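Student: I should like to study one part of this structure closely, together with its surroundings. Please choose a part, describe it step by step, and then set it in its wider context.

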Amino acid sequence: MATLILSDICKSFQAGSRAVDSVSIEVGDGEFLALLGPSGCGKSTLLRMIAGLEVQDSGSIALDQDVLDGVPPAKRDVAMVFQNYALYPHMTVFGNMAYALKNRKVPKESIRQRVLEAAELLRLTDYLDRKPMQLSGGQRQRVAMGRALVREPRIFLFDEPLSNLDASLRATMRLEIRQLQRRLGITSVFVTHDQIEAMTMADRLVVMNQGRVEQIGTPLDVYRNPQTSFVAGFIGSPAINRLDPALIPGLPSECVEVCIRPEHLQETGEVDLGLFTIDLIEELGSETIVYGALSGGHALTIRIEGVHTKSIGDTFNVYCEAKDLLLFDHAGARLANTAS
Amino acid sequence: MNRLHRYQLADHAILILGILFLVTPLWVVFASSTYPAEYLIRHGLQVIPGDQLVETYWSVLTEKKGFTEQITAARMLLNSMILGVGFAIGKIAISMTAAYAIVYFRFPLGTFLFWVIFSTLLLPLEVRIIPSYKVVADLGLLNSYTGLIVPLIASATGTFFFRQFFRSVPEEVLEAAKLDGAGPIKFFIDILMPLSKTMMAALFIIMFVVGWNQYLWPLLMTTNDDYVTIVYGIKQVMQNLDESRIPEYNRGFALAVLALLPPIGIVLIFQKMFIKGLLESDK
Amino acid sequence: MKRVHFGHSPIPYVFVLPQMLIIGVFFLWPSFEAFRLSFFLEDPWGLSNQFVWFDNYWDVISDENYRAVFFSTVIFSAVVALLSIILALLFAVKVDGLLRLSSTYRPFLTWSYAIAPAVAGLIARFLYSPQIGPLYDFLNQFSTDTWFEPRLDAMDAWLVLASGSIWKQISVNFVFLVAGLQAIPRNVLEASLLDNPNGFRRFWSITLPLLAPTLFFLLVINISYAVFETFGVIDTVYPFGPPSGAQTLVYKVYVDGFKGADLGGSSAQSVILMVIVLLLTVVQFRYIEKRVHYT
């Protein structure tokens with residue numbers, strides 16, 4: 001297995017705008033790392049550079065002691081699962097999984113054995129003679145995994161592999177991929193724009209925006225302690241509330257934005273945010289989301305555990321704890337919360 | 001009967017008239033080919049088939065007589081088959097490889113070569129027949145299958161057909177193949193060729209018909225009867241009809257029917273594939 | 001264009017080589033030769049060759065006969081292209097409307113694609129033949145003298161040539177128009193069904209504009225067919241040459257070059273034809289395509 005080190009990677013497609021801007025990341029042995037960000041943030045480009053499908057303008061990529069710069073994709077010992085699976089439509093499941101090994105001149109008997117093993121693991125044994133067209137979305141997904149698996153790569157790359165599946169299948173596959181990765185202990189990099197996917201699967205997340213790394217950390221750390229205003233807004237659903245600092249007395253003068261998670265707004269607490277009127281209520285069973293506005297017109301979202309007793313048009317005073325407030329300066333960087 | 005039905009009846013009537021318009025001339029030619037020449041001269045074209053079907057066609061296929069003194073219709077059919085198949089295969093081979101180079105590689109001359117190929121679409125063979133004839137004559141290719149087939153392959157329709165198709169193949173397939181260790185040649189043979197199977201078949205059908213139906217070029221190229229194709233043979237029928245005392249209309253008709261059967265058969269049998277090829281190849 | 005490519009290698013050159021060789025030898029060289037020959041005056045035996053600047057062009061353009069052929073080619077092409085598209089459109093719309101039964105009719109309207117122009121010419125010739133042709137008799141039965149005489153009269157000859165050319169071409173247009181009609185989203189047609197009760201207005205204001213890309217494309221290939229491929233029709237209907245006035249430009253290039261052995265003049269005509277084709281292509285793409293709605 002392997003450790004992946006990206007140091008100071010830059011890549012531009014057009015002069016003047018950087019698709020990937022000085023990114024340095026270390027992925028530990030056996031770690032499952034998610035690259036998360038909005039579309040166009042550079043996460044896929046970064047992944048493709050690891051695979052060798054794109055070449056970085058500057059910076060270096062190393063797998064353990066081997067520097068990968070200039071090494072062609074097939075010689076990097078990496079395997080990739082594509083968003084649309086990219087299965088070879090004219091080959092059977094067996095053919096798809098065996099193709100890379102054939103190209104490496106692995107002996108026939110050994111190919112057979114490795115494909116059968118992988119098929120067993122992915123519950124594809126009964127489908128080995130079928131063509132991709134005859135498979136369901138989830139099965140195709142597993143074939144794509146199998147194709148990566150049989151190569152026994154040092155690192156697994158996933159490029160939004162679940163985005164073509166429907167919601168329930170996506171949840172199942174999330175679990176399957178995670179269990180498989182943990183069992184095999186293969187270092188993995190997973191690109192997604194879906195925060196639930198990233199939060200539930202990853203050991204650590206890398207949040208990217210406009211080619212830059214905004215924050216690296218465990219899912220909980222990123223959620224609780226966003227280091228930038230972008231991360232605070234990008235992670236969490238329903239989205240974090242952004243407040244005018246003028247609402248709260250005693251904040252440092254350089255603070256231009258205050259954020260607070262919907263679950264941290266309550267009917268009691270240290271800080272009084274003012275009178276709130278309910279516009280809309282979403283009842284999800286285990287929790288309730290309440291939408292409305294403060295008397296100054298400032299929109300707020302509140303999350304309440306379980307069932308509630310409110311109705312539309314009700315008004316009440318909203319409070320929060322000072323420690324839950326997240327403060328950001330004009331550049332979007334996090335400020336220490338002096339109120340706590 | 002309600003209004004909807006009456007409308008539909010009119011629709012059916014229009015379509016049946018259309019079909020009659022297309023089918024009747026050919027049927028009349030076929031029916032008339034089964035009568036003796038003298039009968040046709042006296043009674044005109046026939047709608048109901050006569051009793052000379054086997055005699056007429058057998059004599060056209062096997063005898064070198066009448067208007068075709070040097071060659072049987074069987075030989076003409078063979079020549080047409082060689083032209084149709086050779087043209088289709090040649091065109092598929094060169095256009096597939098050229099399209100592959102243009103779509104999957106970025107090379108310094110790529111754009112320039114693309115425009116050169118594109119320019120052939122604008123100027124059909126017909127506008128440069130005489131210099132083309134001279135070139136082929138200078139190369140000593142008159143009266144040869146090479147001279148018959150190769151100049152016709154020069155146009156770019158097939159290249160555009162495959163270019164369009166290759167561009168519709170998801171990029172990830174190439175990326176996956178790269179990761180799986182396939183180089184340019186391996187990718188072409190292992191992935192792209194099998195993927196193109198139905199496209200090749202569709203183009204083959206179209207190009208076979210186009211090649212089979214060539215007229216002007218064989219007319220110029222062929223001075224020796226051994227290379228006369230069946231479509232060109234028709235021109236000789238026409239010339240001889242005007243000169244003979246008892247015009248052998250029946251044999252002329254039989255030749256026309258023989259010239260039509262193979263392409264019509266292919267178009268009807270592989271109708272779906274033919275339509276696919278036609279729709280994709282001209283865009 | 002694809003984003004992903006193979007890196008630098010000699011392979012693309014090897015792969016385009018066969019096509020480039022064939023294009024070079026059988027397209028570029030002859031085209032260049034046509035251009036070169038058009039500036040020379042060659043005697044019929046090919047013994048002497050004289051550079052005459054633009055004399056050949058001047059002779060062609062100032063030739064009244066050439067101009068007549070030019071205009072009749074334009075009219076002939078327009079008639080053949082428009083009529084074969086309109087007839088095919090009629091059949092395609094009817095077939096498209098019959099949903100379930102459409103597959104029964106389709107092969108009958110498709111097969112005639114396979115007819116060679118030369119064979120269409122042969123059939124037209126027999127149907128209009130004075131000896132055995134039913135259409136010849138039919139057209140002449142209304143008067144005592146033979147007022148329909150395609151062997152002598154240019155207008156009658158055009159009728160024979162046009163009907164043969166249209167007959168062969170309908171099925172190509174039919175295939176494209178059926179596909180074009182099927183590509184129109186059903187829900188757009190359903191929406192128009194709610195908005196407009198008049199079937200013809202619906203066709204005129206919704207279906208036809210949405211079909212415009214197909215029609216535009218068909219116009220291009222039909223004009224090219226009528227100008228170039230109808231040579232086969234003309235040459236089989238009239239193996240010894242059509243009555244004067246019933247020639248197309250392509251036929252004239254052939255006759256002057258091969259039968260008349262006027263290489264310079266014929267080459268000048270070829271070059272003029274090339275320029276016309278180029279101009280047509282540019283005009284088609286510049287002006288007509290702009291007015292076409294692409295969905």
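Tutor: The account below begins with one strand and its partners, and then moves outward to the chains around it.

The model is a predicted one. The part chosen is strand 3 of chain A, which covers residues 32–36. Is this strand mostly covered or mostly open? It is mostly covered, for five of its five residues are buried. To follow this, one needs the cut-off: a residue counts as buried if 20 or more other C-beta atoms lie within 10 Å of its own. The side chains of the strand point in two directions. A:Phe32, A:Ala34 and A:Leu36 point one way, while A:Leu33 and A:Leu35 point the other way. The residues on both sides are buried.

Next come the partners of this strand. Strand 3 of chain A pairs in the parallel sense with strand 8 of chain A, residues 187–192, and five bridges join the two. Within this pair, A:Leu35 stands opposite A:Val191. Strand 3 of chain A also pairs with strand 9 of chain A, residues 204–209, again in the parallel sense, over four bridges. Here the bridge partner of A:Ala34 is A:Leu205 in strand 9.

Further along chain A lies helix 1, which covers residues 43–51. Why is this helix described as largely enclosed by the rest of the structure? The reason is that nine of its nine residues are buried. The buried residues include charged and polar names as well as nonpolar ones: among them are A:Lys43, A:Ser44, A:Thr45 and A:Arg48, beside A:Leu46 and A:Leu47. Just after this helix, A:Gly52 takes a positive phi of about 90°.

Chain A also holds an open sheet of four strands, with the order 2-1-4-5 and antiparallel pairing. Its edge strands, each pairing on one side only, are strand 2 (17–27) and strand 5 (66–67). Strand 5 runs antiparallel to strand 4 (residues 58–63), and two bridges join them. A:Ala62 stands opposite A:Val67 in strand 5.

These elements belong to a chain with eight helices and 18 strands. Chain A has 340 residues, and 40% of them count as buried. Its C-alpha atoms fill a box of roughly 75 × 45 × 35 Å along the principal axes. Among the contacts of chain A with a separation of 6 or more, 63% link residues 24 or more positions apart.

Chain B is built from other elements: it has 15 helices and zero strands. Of its 283 residues, 50% are buried. Its C-alpha trace spans about 75 × 70 × 30 Å along the principal axes. The radius of gyration of chain B is 24 Å, whereas a compact globule of 283 residues would have a value near 19 Å. Chain B is divided into domain 1 (1–27) and domain 2 (33–281), and 33 Å separate the centres of these domains, taken over C-alpha atoms. For a smaller element of chain B, consider helix 6, residues 129–138, whose buried residues are B:Ile129, B:Ile130, B:Pro131, B:Ser132 and B:Val136. Just after helix 6, B:Gly140 takes a positive phi of about 70°.

Finally, the chains may be considered together. The largest nonpolar core has 261 residues, and those with the most contacts inside it include A:Leu157, B:Ala256 and C:Val119. Helix 4 of chain B, residues 73–104, gives the most to this core, with 16 residues. Leaving aside residues up to four places away in sequence, B:Ala256 touches B:Val29 and B:Ile234, and in chain C it touches C:Val119, C:Leu122 and C:Ile123.

The contact between chains B and C takes 76 residues from chain B and 78 residues from chain C. On the side of chain C that touches chain B, helix 1 of chain C (residues 11–37) gives the most, with 18 residues. What kinds of residue make up that side of chain C? They divide into 57 nonpolar, 15 polar and six charged.

Note on methods
Residues numbered from 1 in each chain as written. Chains lettered and ligands numbered in written order. Predicted model: local features only at pLDDT ≥ 70, side-chain atom pairs only at ≥ 80, totals over all residues. Contact = placed C-beta atoms within 7 Å. Rg over C-alpha atoms; globule rule 2.2 N^0.38 Å. Buried ≥ 20, exposed ≤ 12 C-beta atoms within 10 Å, placed from the backbone. Core = buried A, V, L, I, M, F, W, Y, C linked by C-beta atoms within 7 Å. Pairing = 2+ DSSP bridges. Domains from an automatic or database assignment.
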